[in-house]
Amino acid sequence: MASFSFGAGNARKLRRIPLYLAGRLLTAIVPRSRDEWVFGCAVGLADGALALHTVATAHGERTTWLVADAEQQQDADRLGIRSVRRDSLAGFWRTARARVIVVTHGFGDVQRYATTGAVIVQLWHGIPLKRIGLDSAETTRSPVLPSVLSPVLRVLYRRTTRRIAVLPAASHLVRGRLESAFGLTDDRVPVTGEPRVDVLSTGTADSRRTAARERLTEVLGMPLGDRRVVLYAPTWRDGAPDPAVPDAGEWGRITRVLDDAGALLLVRSHPLGEGDYRPPRGAADRVAALGSDLVADVTPLLPGLDALVTDYSSLAFDAALVPLPVVFFAPDLEAYTARRGLYGRYSDVAGDRPARSWDDALAQIRAVLADPRATLAASRERSARVHAHRDGRNAERVYRVVRARIGATPTRKDDRP
């Protein structure tokens with residue numbers, strides 16, 4: 001079974017209602033500091049939270065990262081970031097005292113029961129193509145008594161998202177989606193660009209590619225040389241099995257195309273999804289896993305790739321900044337669209353002929369590796385539509401917006417009550 005679904009997550013939310021109420025009472029008593037910031041991210045010390053943390057600390061803010069486990073604690077220590085365990089008493093206290101709370105996925109990135117009264121900065125974790133939040137019935141689907149409990153969950157979700165003070169948007173197009181999905185007014189959704197993609201606009205294209213290839217070599221434990229690298233990143237199916245998992249025959253055809261092209265396929269199946277992408281024996285030099293256990297945030301590695309294969313993932317928009325050729329592979333387009341829903345027409349993003357089978361996808365991969373010019377042009381057009389800023393200063397713009405919300409200047413104190 002998949003490790004997570006909206007239904008299972010929503011059932012846990014309903015059981016936690018007494019804890020939320022208790023936390024609300026406690027945060028009404030505990031006074032918030034004037035200047036403390038806390039950060040959290042579902043995937044660890046990564047994503048937009050890390051980019052904004054770097055800027056905030058450079059400006060002298062008092063910051064604490066809430067880590068979920070020992071591995072994240074080690075990452076924080078290695079980076080020299082002050083941290084406490086998220087689910088400890090110290091984690092509750094730091095969250096309850098913070099003036100600013102920064103998250104990337106949800107309030108559970110920090111101590112979820114101690115957020116009331118803070119300035120909430122929700123960075124999110126990608127430009128949505130699939131419908132999210134209030135725009136998708138899946139978000140508030142209840143596994144039991146759906147006609148009764150789903151409306152309750154929708155009310156609770158809307159009340160929670162209304163506490164968000166800042167939700168950065170990549171462009172005015174994306175801004176409209178985020179306002180609708182989170183039920184926010186436009187003054188809370190500034191078009192600053194996403195801090196998470198600053199890494200794709202910092203430095204030169206050559207330096208970004210070199211750094212990404214070196215990191216891939218380190219993570220994979222194999223030299224890449226001049227091999228071309230293709231990343232396959234299917235998105236989450238809301239707890240359902242992934243219909244694109246190759247069978248034995250398809251794996252054989254995949255490895256033959258890779259052999260002919262002298263390419264390496266990296267598979268990054270969604271950490272919350274279900275699906276076994278185990279390649280056949282003898283294909284280790286052509287197919288490798290690049291799961292979240294190896295790399296929490298794949299965005300900085302995109303410049304080291306030669307092509308991306310995906311379905312409904314926001315990585316297609318991130319790749320547009322590189323730019324990177326994208327092959328769209330959507331075997332369950334009709335079913336996924338009916339259940340989850342998409343913003344706009346899929347063809348507006350993926351073109352008129354997305355791959356619907358592995359044979360289709362392989363034909364397009366082969367063509368892209370032979371001549372990427374057409375798909376590169378499509379990526380550049382995609383970037384122009386969804387990214388208003390491409391200067392590597394998105395985190396700085398978000399920081400300035402947050403400072404304007406809270407008013408006072410940073411104090412640069414190290415003492416903590």
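Leu301 sits in the loop that runs between strand E9 (287-289) and strand E10 (307-310). Keep in mind that this is a predicted model. Besides that loop residue, two helix stories are worth a look: how H3 packs with H15, and which residues of H14 are buried.

**Leu301 in its loop**
- Buried or exposed, what is Leu301? With a relative accessibility of 4%, Leu301 counts as buried, because the cut-off for that is under 20%.
- Setting aside neighbours within four places in sequence, Leu301 touches Ala212, Arg215, Leu216, Leu290 and Val295.
- Arg286 is 15 residues from Leu301 in sequence, and their C-alpha atoms are 18 Å apart in space.

**Helix H14**
- H14 covers residues 373-386, and at 1.5 Å a residue its 14 residues should span 20 Å; the end C-alpha atoms are 20 Å apart, so the two agree.
- Leu376, Ser379, Arg382, Ser383 and Val386 are the buried ones in H14.
- Looking down the axis of H14, those buried residues fall within an arc of 115°, which means they line one face of the helix.
- Over on the other side of H14, Arg373, Ala374, Glu381 and Ala384 are exposed.
- The cover over the buried residues of H14 includes helices H7 (172-182), H10 (315-319) and H12 (346-350), along with strand E11 (326-328).

**H3 against H15**
- H3 (residues 47-58) and H15 (residues 394-406) pack at about 65°, and their axes are 9 Å apart.
- The crossing of H3 past H15 is right-handed.
- From H3, Ala51, Leu52, Val55 and Ala56 meet Ala395, Glu396, Val398 and Tyr399 of H15.
- By type, the residues of this H3 and H15 contact are seven nonpolar, one charged and no polar.

How values were computed:
Residues numbered from 1 in each chain as written. Predicted model: local features only at pLDDT ≥ 70, side-chain atom pairs only at ≥ 80, totals over all residues. Heavy atoms only, no water. Axes fitted to C-alpha atoms, helices over the stretch in contact; angles between N-to-C directions. Helix = DSSP H or I, 4+ residues; strand = E, 2+ residues; numbered from the N terminus. Left-handed = near helix turned anticlockwise from the far one by under 90°. Contact = heavy atoms within 4.5 Å. Nonpolar A, V, L, I, M, F, W, Y, C, P; charged D, E, K, R; others polar. Expected span 1.5 Å × (residues − 1). Buried < 20%, exposed > 50% of the residue type's maximum accessible area, 1.4 Å probe, protein only. Arc of directions from axis to C-beta.
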